[in-house]
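Grab your viewer and work through these short exercises at your own pace. Each task is followed by a solution that goes step by step.

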Amino acid sequence: MTDMNPDDSASFSRPDECRVTSLHLNLDVDFVSRTLCGFVDLAVKRMKDGVHNLILDAQMITIQKILDVDYGQELKFTLGENSAIFGSKLEVQLPVSASKCSHKIRVHYETSPQCPALQWLRPEQTLGKRHPYLFSQSQLRTKTNYMYGYCPHYRPFMPGAYFPVKIPQGIRSLTQQSIIGPRSKVWTEREMIEEAAYEFSETEKTLQIAESLMGPYIWGQYDVLVLPPIFPFGGMENPCLTYVTPTLIAGDKSLVDILAHEICHSWTGNLVTNKNWEHFWLNEGHTEFIERKVTGRLHNSKTLPQFMAAGKAVELKEIIEEVLKNGPYTRMIPDLKGVDPNDAFCIVPYEKGFTLLFYLETLLGGPEVFEKFLRAYVENFKQQSIDSNQWKDFLYSYFHDKTEVLDSVEWEKWFYGQGMPPVMPKYDDSFAVPCKLLCQRWSTSADNDLDQFDPSDLTSMAPLQVVECLGLLVEDPPLSLIKIQKMNELYKLNVTKNSEFKFRWLRLCIKAQWKESIPRVLDFINEQGRMRLVRTLYRDLCGWEDARPTAIDNFKKQRGEMHHILETMLSSDLKLG
Ligand code: BES
Ligand code: ZN
């Protein structure tokens, strides 16, 4: 589209000309009509002389009127045609008299039930099953000056605490809160509050480790909201209030590395952020890199980060080669012109980004040197949206005495090359060795020689090692049914509470074409809505002739219950339109 922001092909907005500097929402929530209705006050700042219009992105909202707050007069506006991917362009004519510095406007509007930023749940879709529920999610839609019916990236919706207006009691009572640290509460439905508080009780410790690496946490409060299972991601770094899926609650804190990841976004993502979604690796690659350092420190281990990275490198290879077929979305910086960023979303910016940073760290003198760079990077670009070239220029200026080393990096290949990264580091494998051994034993042993296995094979390992083992087995040729059944008998994988174990276990069952596992796979697919888990399992099911019709049938039955992002992605994966 010709009208898009030259710096962000997913947005109409022109923050270089005129931008929103703050907002206050005042909205009524109507669960019956599934609408938000009210107004938002925007402080608007002109960035250039001769600019008289403010451009915002909007999608599926009706605008009643727009007022000049100081003078009360109505302002003219146009709302462009709706495009399914990018929404519509909202152009507001500012009064000519408006000064360059700051101007307040009030937009009266109403959302529609189909607003893609909002997810309305029936009571049955919650744990308590008594109250309806509403949450917002819209990262990867447009980023700046966005007016999806609320401001997505900068204001969490659900808990009243951050709302500039009072939330009526009925809405607030849906989420209970429990204090888990001096600056942290966990919010969730009453039924889950204790488990959640236990699972995330290391939040303060994690924050402190992250601060020791990256500098002070500037956002004040750091809370966690555990959403209903329909939430399509592992976590989402809404400032001051991370959203997480309930599938992180394993009962033993074994999946909290995702929380560490979201915490690290407080620096890379929320303090320095990507200019547009092509440079998403700046957010996610840095965050993965810092997250692994933080998790390593949390467990007092120097090699844990490399173990975590090695496991993901296996996954990266599978996705790049088997799923994306070395195509255009395997670039670290993809070309997203005219493309829905959700279509391109995958593990690549995370893991190629991580790999580049790890490679550079080794090249430039190790963690001590490189961690200082990371901190300086955030300090230098804080409160800015940047692209990869700005990052690279800063890297060169910071390491100005090492330009020769930097010139040896194949930048073009790292940034724009398709397929696997140009260099794959050799990661420390001390944690991985027992996993590889166990995996090999399962793969190579004869069906009549399974007495060598024992429940302690897995119980003696750390949860991340179990994940690794199962992950390695998924990449190997399918196991025989006899082995799969023995494995289940010994390791009780059908009843595990750990969603990452279960996910890999079910993949193994599908690969082994164990028919009885199909209903269990469908149950898991239907009881939670994490994109990564659900899309992969559908893909696996569809690769098995006998299961494909059942999978498609299940999707058709369930699609009305899904988060719309997941539904869209699945219908394209399954080619159902
Ligand atoms: N910001 C992402 C979640 C996200 C990505 C939302 C793209 C919408 C579009 C979040 O920080 C994240 O990366 N979550 C991961 C977990 C992480 C540990 C890799 C997830 O949800 O799987
Ligand atoms: Zn992330």
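## Exercise 1: Charges over rings

Lys-253 lies over the face of Tyr-198, at 4.6 Å from the ring centre. A charge sits over a ring if NZ of Lys or CZ of Arg is within 6 Å of the ring centre and within 35 degrees of the ring normal. Before going on, please note that this is a predicted model, where local features need pLDDT of at least 70, side-chain atom pairs count only at pLDDT 80 or more, and totals for chains, interfaces and linings use all residues. Residues are numbered from 1 along each chain as its sequence is written, chains are lettered from A and ligands numbered from 1 in the order in which they are written, and side-chain values use heavy atoms, with hydrogens and water left out.

Task: find the ring that lies under the charged end of Arg-292.

Solution.
- Step 1: go to the charged end of Arg-292 and look for the ring beneath; that ring belongs to Phe-354.
- Step 2: check the distance to the ring centre, which is 4.5 Å.

## Exercise 2: Aromatic pairs

Task: describe the pair formed by Trp-281 and Phe-415, and say why it ties together parts that are apart in sequence.

Solution.
- Step 1: recall the rule. Rings of Phe, Tyr and Trp (its six-membered ring) pair if their centres lie within 6.5 Å; planes under 30 degrees apart count as stacked, over 60 as edge-to-face and the rest as tilted.
- Step 2: search the whole structure, which gives 40 aromatic pairs. In the pair of Trp-281 and Phe-415, the centres are 6.1 Å apart and the planes make 45 degrees, so the pair is tilted.
- Step 3: place the partners. Trp-281 belongs to helix H5 (residues 280–298) and Phe-415 to helix H12 (residues 411–416), so the pair links parts that are 134 residues apart in sequence. Helices (H or I, at least four residues) and strands (E, at least two) are DSSP runs, numbered from the N terminus.
- Step 4: check burial. Trp-281 is buried at a relative accessible area of 0%, and Phe-415 is buried at 2%. Buried means under 20% relative accessible area, exposed over 50%, partly exposed in between (1.4 Å probe, protein chains only).

Task: now do the analysis for Phe-354 and Tyr-427.

Solution.
- Step 1: the geometry is tilted, with 6.4 Å centre to centre and 50 degrees between the planes.
- Step 2: Phe-354 lies in helix H8 (residues 348–363) and Tyr-427 in the loop between H12 and helix H13 (432–444), so the pair ties together parts that are 73 residues apart in sequence.
- Step 3: Phe-354 and Tyr-427 are both buried.
- Step 4: widen the view. Phe-354 and Tyr-427 belong to one aromatic cluster, whose members include Phe-289, Phe-370 and Tyr-398.

## Exercise 3: The ligand shell

Task: which residues come nearest to ligand 1, and which elements each supply at least two residues of its shell?

Solution.
- Step 1: of the 17 residues around the ligand (a heavy atom within 4 Å), Gln-139, Gly-234, Glu-237, Glu-262 and Tyr-350 come nearest.
- Step 2: strand E14 (235–236), helix H4 (257–264) and H5 each give at least two residues to the shell.
- Step 3: look at oxygen atoms of ligand 1. Distances to an N or O atom in a side chain are 3.1 Å for His-261 and 2.9 Å for His-265, and a polar side-chain atom of Tyr-350 lies 2.6 Å from an oxygen atom of the ligand.
- Step 4: consider cover. The protein covers 93% of the 510 Å² of accessible area that ligand 1 has on its own (Shrake-Rupley method with a 1.4 Å probe; for residues, only the protein chains shown count as cover).

## Exercise 4: Lysines and their settings

Task: is Lys-89 buried or exposed, and where is Lys-325 found?

Solution.
- Step 1: Lys-89 sits in strand E6 (residues 88–93) and is buried, with a relative accessible area of 17%.
- Step 2: the side chains of Lys-89 and Asp-3 are joined by a polar contact of 3.0 Å. A polar contact is a pair of N or O atoms within 3.5 Å; within protein, one must be able to donate a hydrogen and the other to accept it, and residues adjacent in sequence count only if both atoms are side-chain atoms.
- Step 3: Lys-325 is in the loop between helix H6 (304–323) and helix H7 (341–344), and counts as exposed at 58% relative accessibility.
- Step 4: phi of Lys-325 is near 45 degrees, a positive value in a residue other than glycine.
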